[in-house]
Amino acid sequence: MVDDLYTAQQIDLRARARDLAETVMRPVAGKYDVEQTYPWEVQQAIKHAGLSGVWIPKAYGGLGGGVLDLCLVVEEFSRACGGMGVGYAVNALGSFPILVGGTDEQKERWLPPIAAGDKLIAFGLSEKDAGSDAGSMATRAAKDGDVYVLQGEKKWNTGGAVASFNTIFAVTQPGRGARGISAFVVEKDTPGYRVGKHEDKMGIRCVPVVEIHLEDCRVPVRNLLGGEEGHGFKHAMVTLDRARPGVAAQAIGLAQGALDLAIAYTHERKQFGQSISSFQGIQWMLADMATQVEAARALVHHAARAIDAGHKHITKLSAMCKVMATDVAMKVTTDAVQLFGGYGYCKDYPVEKYMRDAKITQIYEGTNQIQRLVIARSLLREAAGAGG
Ligand SMILES: Cc1cc2nc3c(=O)[nH]c(=O)nc-3n(C[C@H](O)[C@H](O)[C@H](O)COP(=O)(O)OP(=O)(O)OC[C@H]3O[C@@H](n4cnc5c(N)ncnc54)[C@H](O)[C@@H]3O)c2cc1C
């Protein structure tokens, strides 16, 4: 990274995040991957380092950073452990709807404890039968006096088992399609809110991904985001535009981390009486991997800067950076395993974990096929003169 392109706060954040990643996360990444348990010691270390609310405005106790600041921190965490990177980033995903759509009172109520690292938040959009087509969700919220009664199930809720708050999307006006969806912040002790099945995952194993059951779950009316029905889907889409660079940053961190390991290993490993890094075939692979990571990082940071500058048409850029960085992560982590030969395929070395952790980045927050649809739609709209 060329430091001149970043603010003093961004350079400082990156250094602090790298230090935490190397001293606290990397030493325990393998243990939590095997145990598939949540690393509370890491969450506490992030809190004590003052990095919990990087993206939250100073008025609500955060550091007032933008999406680029968030990306820098997520990349460093993910370079040590992809699971710990997303375990942190999901709090931005869960709290962006409050930032983009909440009332001042709601921001005052929920953002300070998240910024302080005292409370965690999750994001509940997807359902068993509503993934790519999230707008077809079945969860319902019916008003009954001063509460909404929520009925339904959310699937794939990252961090849901450890979060105190969950941003839940539900249909308040059936028959109105996406315009009938509203967003609620549901607190974990609300009667009728229950954490269900824990998924047994290929990667990002330290962060729990769970089902959330909403059974006559009575949520106060004042927890309806923005205080008006029907804006939930729009809040979800604006949130995803802002959050996708975070997934992309996770992907770059994983790719960079795997590349670091591959460079060190190919230097040490000897075959035919010499270090394998002396073979041109290996050097070209390393060169391509590094070039791809640098190109992906540049696009992610460009997208993040556009968002932070308040650029109007960010959907296409956000999707582009997610597609590119996550495809690069899959390619680079797979090539890193290749460079370790047979040892790369075994769990004695950490490199296979990078490949497993990378796969999910091509799937969540909208699969890469869906991102390509989003990009193509923007291109065609632009061609028709309607803006990106
Ligand atoms: C580990 C994990 C964590 C997650 N965390 C969260 C979370 O915290 N919150 C949350 O709300 N969701 C979360 N998700 C859900 C995730 O966003 C969805 O899995 C994803 O959007 C895809 O939905 P689906 O799994 O139902 O796949 P489907 O939508 O059924 O798609 C199946 C396949 O069809 C393709 N496809 C679908 N439609 C089209 C189309 N029109 N054109 C071309 N191809 C298409 C998809 O790209 C995919 O390859 C998580 C998922 C996982 C696995």
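**Exercise 1. How many nonpolar, polar and charged residues does the shell around the ligand have, by class?**

*Solution.* The structure is a predicted model, in which local features need pLDDT of at least 70 and side-chain atom pairs count only at pLDDT 80 or more, while totals for chains, interfaces and linings use all residues. Residues are numbered from 1 along each chain as its sequence is written, and side-chain values use heavy atoms, with hydrogens and water left out.

Step 1. The classes are set as follows: Ala, Val, Leu, Ile, Met, Phe, Trp, Tyr, Cys and Pro are nonpolar; Asp, Glu, Lys and Arg are charged; the others, Gly among them, are polar.

Step 2. Under this scheme the shell holds 9 nonpolar, 6 polar and 1 charged residues.

Step 3. In total 16 residues surround the ligand, the closest being Ser126, Ser132, Trp156, Thr158 and Thr367; a residue is near if one of its heavy atoms lies within 4 Å.

**Exercise 2. Locate the ligand relative to the domains and list its polar partners.**

*Solution.* Step 1. The side chain of Ser132 places an N or O atom 2.6 Å from a ligand oxygen. For Thr158, a side-chain N or O atom is 2.6 Å from a ligand nitrogen. A polar backbone atom of Glu365 is 3.5 Å from an oxygen of the ligand.

Step 2. Of the 970 Å² that the ligand exposes when taken alone, the protein buries 66% (Shrake-Rupley method, 1.4 Å probe).

Step 3. Because domain 2 (121-230) and domain 3 (233-383) both contribute residues to the shell, the ligand lies between them; the domain bounds come from an automatic or database assignment.

**Exercise 3. Describe the salt bridge of Asp33 and the surroundings of its two residues.**

*Solution.* Step 1. A salt bridge requires a side-chain nitrogen of Lys or Arg within 4 Å of a carboxyl oxygen of Asp or Glu. By this rule there are 28 salt bridges.

Step 2. Asp33 pairs with Arg205 at 3.8 Å, N to O. The partners are 172 residues apart: Asp33 is in helix α1 (residues 8-35), and Arg205 is in the loop between β6 (193-198) and β7 (209-220). Helices (H or I, at least four residues) and strands (E, at least two) are DSSP runs, numbered from the N terminus.

Step 3. Asp33 is buried, at 7% relative accessible area, and Arg205 is buried at 17%. Buried means under 20%, exposed over 50%, and partly exposed in between (1.4 Å probe, protein chains only).

Step 4. Asp33 and Arg205 belong to a salt-bridge network that also includes Asp200, Lys347, Glu352 and Arg356.

Key: Polar contact = N/O pair within 3.5 Å; in protein donor to acceptor, adjacent residues only side chain to side chain.
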